[in-house]
Each structure stands twice: as C-alpha cells, then as structure tokens.
There are 2 protein chains.
Amino acid sequence: MTTMKDVAKHAGVSKATVSRVLNKKGYVSKEAEASVLKSIKELNYQPNSVARSLYHKTSGMIALVLPDISNPFFPELARAVEDVALAYGYTVVFCNTDEEIEKEKRYFEALQQKYVDGIILSTSSQAPDEYHKLDLPLVALDRFLGENIPTVVSENKRGGELATQHLLDNGCKNLAHLRGPEGVGPAEDRLEGFRKVVSKEKCSYTVRTAGFDMERAKQETYKLFQDKPDIDGIFAGSDITAAGALHALSTLGKKVPEEVKVIGFDGIPLGQMFVPGITTMEQSIYDMGALAARLLIKQIEKKPIENYIHEFPVHLVVRGTTEEVMT
Amino acid sequence: MTTMKDVAKHAGVSKATVSRVLNKKGYVSKEAEASVLKSIKELNYQPNSVARSLYHKTSGMIALVLPDISNPFFPELARAVEDVALAYGYTVVFCNTDEEIEKEKRYFEALQQKYVDGIILSTSSQAPDEYHKLDLPLVALDRFLGENIPTVVSENKRGGELATQHLLDNGCKNLAHLRGPEGVGPAEDRLEGFRKVVSKEKCSYTVRTAGFDMERAKQETYKLFQDKPDIDGIFAGSDITAAGALHALSTLGKKVPEEVKVIGFDGIPLGQMFVPGITTMEQSIYDMGALAARLLIKQIEKKPIENYIHEFPVHLVVRGTTEEVMT
DNA sequence: GTATAATATGTAACCGGTTACATGTCAAGA
DNA sequence: TCTTGACATGTAACCGGTTACATATTATAC
C-alpha cells in the first residue's frame, strides 16, 4: 500500500502539500498540484480512510439496526438505505438484533468504537433514554422512539382503518384481526385503526395475536375458525400473516375470496406472487428506507431537518383475496 | 470519549501498561493491573477500534457482496453470514452490486481503504484475476470464481437432475426448463442437470431463459404455452421463477398439479407460503452462508483450510405443485 | 557475591492521515 | 522603499492505540 509519504517523496513535496491537493484546501501552486496528481496516478495511491477516521472521528459508515433481515419486510428497506448511502459515499453496516436488548447493546458498543456516523433503527428494544445516551445521529424507521428523533413511518392507523373498511365494503360481516406482536408500534397502530372502524360500524369482530409470523398466523387461523366458524373477513397484520391465514383457509377448505376475504399489510413482493394475489395495504417501503437514509445523512452533515415525523401514506392494493379480479 | 491516556493518568501508569493490561501481553504487576482495571471501570473506557485498525491494518469488518438483498434468496444467506461474524467478533458491511462491474469496483476500492479483513462474494461480474489482485481473503458463495478461492455452492447440477427426474417420475412427458440468467454459474449448472436427464430419457423438452425474475418468468410461461400447449412439467430455475410460472398457469386456467407440474429451486420460505406449496430443490441456504463466513474468518485468522470446494447437497421437497399432498 | 534471567514499566516511534503554525516569496499599495 | 497581505510550503503535533527498546528491580543460579 502506498501512503501519502510515498507520494510526497515521489512528488518532491511534503505530506502536507499532498494532503492539501487531495482535500483542495489551502494554497497549492499549479506545479505542485500537477506533480502530486501525477505521483498519485503513477503510484496508484489510495488514501487510507482508517487514518482519516482516526483524525476526524468519523468513519463514513452508517449502521442499519433491524430485527431480522430474513423477515421479507426488511430487505427492500435495507436496499433503499444502501442505495442512498452509496450515493452519498457512505458504507452500510447491518445488524440483526432479533429484538434482543443484549445484542442491540453489544452492537451499539461496537459501532461507537468504530466511529459509525449514525444509526438507522428499525427496532425498539431499549428505552428511548438509552438511544439518546449514544450521542449519535439517529433515525427511527418503522418505529417511534421519541419526539426528538427523526422518524419515518407509515400511516399505520389509517392503514388499519382503510383495510378494515375495505373488508366491510366488500360485504364482510364478521371480522377478525390477526394482529402483529404486542408492543411493536406499527402493530398497535394497525390494531387501533381496526378498532376504530369496527366500533363505529358496530360489527362483530375478534382480535388474535399472530405476531408477524407465518406459522403462528396459520395456527391462530385454525383456532379462530374453531371458535368462530362464521368469520368472513380477516385483516392480517402483515402480508406474511395473511399468507399464513390463506394457508390455513386452504386447508380448512374455505374459498377465498368467496367465503372469506383476506387483506394483508406491507405490500411486500410476496403479495403479488401469490395466487390469488394478496390484497394489501401497501407501504412505500423503498421510499421510506431512502428517506430515512437521507435524514440520517442530513444530520451527520449538520444540515437542518425541517420535519421530525414523516408519515408515508399507505395505499390499498386490491388483489384476489378480497375481490375476484382479472390477473 | 475517554482515551487510553486518560486511563493511564487516572491509574498512575503509562499508556503502555494500560495497553498491556487490555491485551494481556507482556509483564504487568498485579497492582498495576488492578489499578488499570479499576480506572477503566470508573472512566467507562472503551478502546477505540479505529486507532487499533490503523496500527494493525485490520478492521474487524468483513464485506458481503451480493447482487441484490431484495432478491429473496439472499436475506437468509446474509443473516447467516452476520450471525457467524457476530459470534467471532466481526462486523458485516453489505454491498449490493446489481451485478454491475462499476459498482463492484467502487465497493472494492472503498473496502480496501477501510481495511476490511475479507470479502464474501456472491457475484461474479469481474474476471477472476481482478479478485486476486485484491490480495484479501475471499470466499465465493453460490458462485465459482477460481480454483484457489474457497467456494461454497450447492450441487446445482445434481439438483437439476433430481428436479427433472422428479417431474418425469410424476408422469410428465413434455418438459420445459425456465432457466436462470445466462452466464450465472448455478443457472448454467441446473440447466446442465436438466439436459443430462432429458437427453438420457429421450423426452420432449424446451428451454427458455427467464432470469431469476418473477415477471419475466410469467411472460415466458405465457409464450411457452402459446408455442407448446402440451407442456406438462416445468422445472423453474428458482422458486421466484416458479412463482411467476404458477401465476401465468393460473391465468391460463391450467390446473396445478393436475395438468401441469412445477418444481422450483432454492427452498426459500416463499415456497411453503404458497398455496399450493411449491415443490422445490431445497438448498441449505443458511448453512452455506454460515460456512462461507467461517471459511473467510479462518483465512483471516491464518488458520489452514482443508477443502477449497464445498458442495452442499440439495434436497427434494415435495409440495403441492407436483403432487397432491396433505398440507 | 556476582552473573543471569525473569519481571515490571516507561519512553518514544509508529500506523497514515490532518492541520495549526512558522516561515518565506512576491506583488500591490502607500 | 517599506509595508502588507495573498500565496506557497514545510515542520511538527495530533488523532488513539501498539510495541520495540531501554532501564530498573528482583529473584535465581553458580
């Protein structure tokens, strides 16, 4: 590896001058600059970013902390973050916490020691205070961590309302909501939306906790129909949950959408791969990830942030599980 | 941030002694050690890994270079890599190249400047020589890059054979293979397996390129049945491709598995979420990722590697798209 | 009792950049 | 002609660790 010293010697100048050329800072004569640039080329010099980090106390790295990249909701988010990061010259480190506090803490320690410039959090295991203690630029993505942390979320409550309304509009009389994990913001908000609509419309309903897990959703659906065989509309807390429900319904011999209608949430690609396609409340997953990354980089670069809460609209995407549509 | 200097002062020793305590290297008296440890606690000192990196020319980071994390094959792989990395104290940086040489090159530059300790490559855009020039520990994952680069792959050819044979065993007479992208190793190997069986069995067959893309697979399937309406068995190059085919078949009104049987490849979770479940050649995705990470770390830590080529067996998982099974 | 080895610790250089500061040149302005 | 400031460049300290080397003390051996 050629270092700045080598370049300096080769160009017949001091390290300082080389540095000035590289950073376009301070005064450098045309001749010196030309000479340095030539030497850089000839020696194929690449500045060492670790040395730079040490001095500047920044690393050009941002971390993406999420529960589990193999949950299909996250890859697209991660992809968006990485695309934006790349465009701005940042590198993305990713951390799967499985929502375990211990793992999260270990990551935070390691990340701080590496001078990561900021963190995007899609988990919420710890108390908000902990996050502030980090004294690092943060962005909350798909979670809410506190007033003064920039936040990017979907209109989950409204989505819950719209999804529920969609079932009712399609003639469902007995609704079930397979809700996401307790304590997880978006899941709570979707439930709230569901509650709001069913109580206003005074229709019969039930709520079961299915996490965001396909297998569990399947089991809960079996139980659900054991208890309440007349359910004709299911609002699943996620598309994965919907897939689980559809599985169970298929086994139970219930026809979708004729006998039971199902709507999911998220708008992950899985939904349109399914046959029939899963009706869902689509989130702008990629855009959310991209915005989160941009908000983080803004903070890192000390640029002002106008809004702290960014709520993305959700869109009803009607597919085969609620209406018989042409494919 | 407290530094070693602070700790040294507080403990009444020199930086060198603090370093010795931290690294358990060289001679340190019991008293000095106790004093240093106490100071470390009291000052809540955390060593700065950037400074350490600068001296050691290593970073404790490994990079995972893949085409696109939002391709459902990769999240599980990434997860496995990250799990192992975490266990060994490494951090994972991830890089989506979209199989573009330019992107890949930019990443490599950035990674070298950051002293990444090694790279796991699930892409193959560049010529093998380029990879050797890096002079960094490498592991090829799901791709073959050269004899002397440790490689972790599935038995793709054998998988192709087994999948094809499974269709024949189930009575298919007119086969189609929706092959993966040209030039991509696993896709070529699966095709080779397909060819081997169909030519031996002398059955009618056709091959279409569908990439690993659902929409394209759908379109190719439409075209396929336009040309050859009597196709009764489809070997899709990936589960995503299979999903696309199933979509098209549903639209075409072809009954699966009665009229047409479909088998995919990969064993991604999508397959079992589907109704009917997608029969597939299952790869040990997680195990492959985990092994790749271990092989990389072995190289980084200069431990001997016994085998350079690791071929994981594939397993036929029979689901609803080839046989009518109980769910 | 002296040579020798093991133990203990500090000093300073180094990793590869960045930059405050000192110094020097040269041209414009008084 | 002398002052002043823009321009140019080098020296050295610094970021926060690590370690070769020097030095000092104590224990062991002969």
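This passage describes how two protein chains, A and B, meet each other and two DNA strands, C and D, in a predicted model.

The interface between the two protein chains is considered before the DNA. The size of an interface is often given as the accessible area lost when the parts come together. Between chain B and chain A the buried area is about 4700 Å², and carbon and sulfur atoms give 61% of that area. Three residues, B:Arg79, B:Phe94 and B:Met273, supply 15% of the area that chain B buries against chain A, which is more than any other three residues. In terms of residues, 50 from chain B and 50 from chain A take part in the contact.

Charged and polar pairs also cross this interface. Four salt bridges are found between chain B and chain A. One of these salt bridges joins A:Arg79 to B:Asp98, with the closest N and O atoms 2.7 Å apart. In addition, 20 residue pairs are in polar contact across the interface of chain B and chain A, both residues of each pair being at pLDDT 80 or more. On the side of chain B that touches chain A, two or more residues come from each of α4, α5 (74-87), β2 (91-96), α6 (101-113), α11 (239-252) and α12 (270-273) of chain B. Of these elements, α5(B) gives the most, with seven residues. By class, the residues on this side of chain B comprise 24 nonpolar, 16 polar and 10 charged.

The arrangement of the two chains was then examined. Chain B is superposed on chain A by a rotation of 180 degrees with 0.0 Å of shift along the axis, and the RMSD is 0.0 Å. The two copies are therefore related as by a two-fold rotation axis. Within chain B, the C-alpha of B:Val93 is the one nearest the axis, at 2.2 Å from it. Both copies use the same surface, since 100% of the contact residues of chain B recur in chain A.

Attention now turns to DNA strand D. This strand has 31 residues around it, and those that come nearest are A:Thr17, A:Arg20, A:Ser29, A:Lys57 and B:Met4. Of the atoms of DNA strand D that come within 4 Å of the protein, 62% belong to sugar and phosphate. Several polar atoms of the protein lie by phosphate oxygens of this strand: a polar side-chain atom of A:Ser14 is 2.9 Å from one, a polar backbone atom of B:Met4 is 2.7 Å from one, and a backbone N or O atom of B:Asn48 is 3.3 Å from one. At least two residues of the surface near DNA strand D are supplied by each of α2 (15-23) and α4 (49-56) of chain A and α2 (15-23) and α4 (49-56) of chain B. That surface has 15 nonpolar, 10 polar and six charged residues.

DNA strand C was described in a parallel way. Of the 31 residues around this strand, A:Met4, B:Arg20, B:Tyr27, B:Ser29 and B:Lys57 come nearest. Sugar and phosphate make up 61% of the atoms of DNA strand C that come within 4 Å of the protein. A base is also approached, for a polar side-chain atom of A:Lys15 lies 2.9 Å from a base nitrogen of DNA strand C. Phosphate oxygens of the strand lie 3.3 Å from a polar side-chain atom of A:Asn23 and 2.8 Å from a side-chain N or O atom of B:Thr17. The surface near DNA strand C receives at least two residues from each of α2 and α4 of chain A and α2 and α4 of chain B.

Notes. Residues numbered from 1 in each chain as written. Chains lettered and ligands numbered in written order. Predicted model: local features only at pLDDT ≥ 70, side-chain atom pairs only at ≥ 80, totals over all residues. Heavy atoms only, no water. Near = heavy atom within 4 Å. Polar contact = N/O pair within 3.5 Å; in protein donor to acceptor, adjacent residues only side chain to side chain. Helix = DSSP H or I, 4+ residues; strand = E, 2+ residues; numbered from the N terminus. Nonpolar A, V, L, I, M, F, W, Y, C, P; charged D, E, K, R; others polar. Contact = heavy atoms within 4.5 Å. Buried area = accessible area lost by both parts, 1.4 Å probe. Salt bridge = Lys/Arg side-chain N within 4 Å of Asp/Glu carboxyl O. Least-squares fit on C-alpha atoms with pLDDT ≥ 70 in both.
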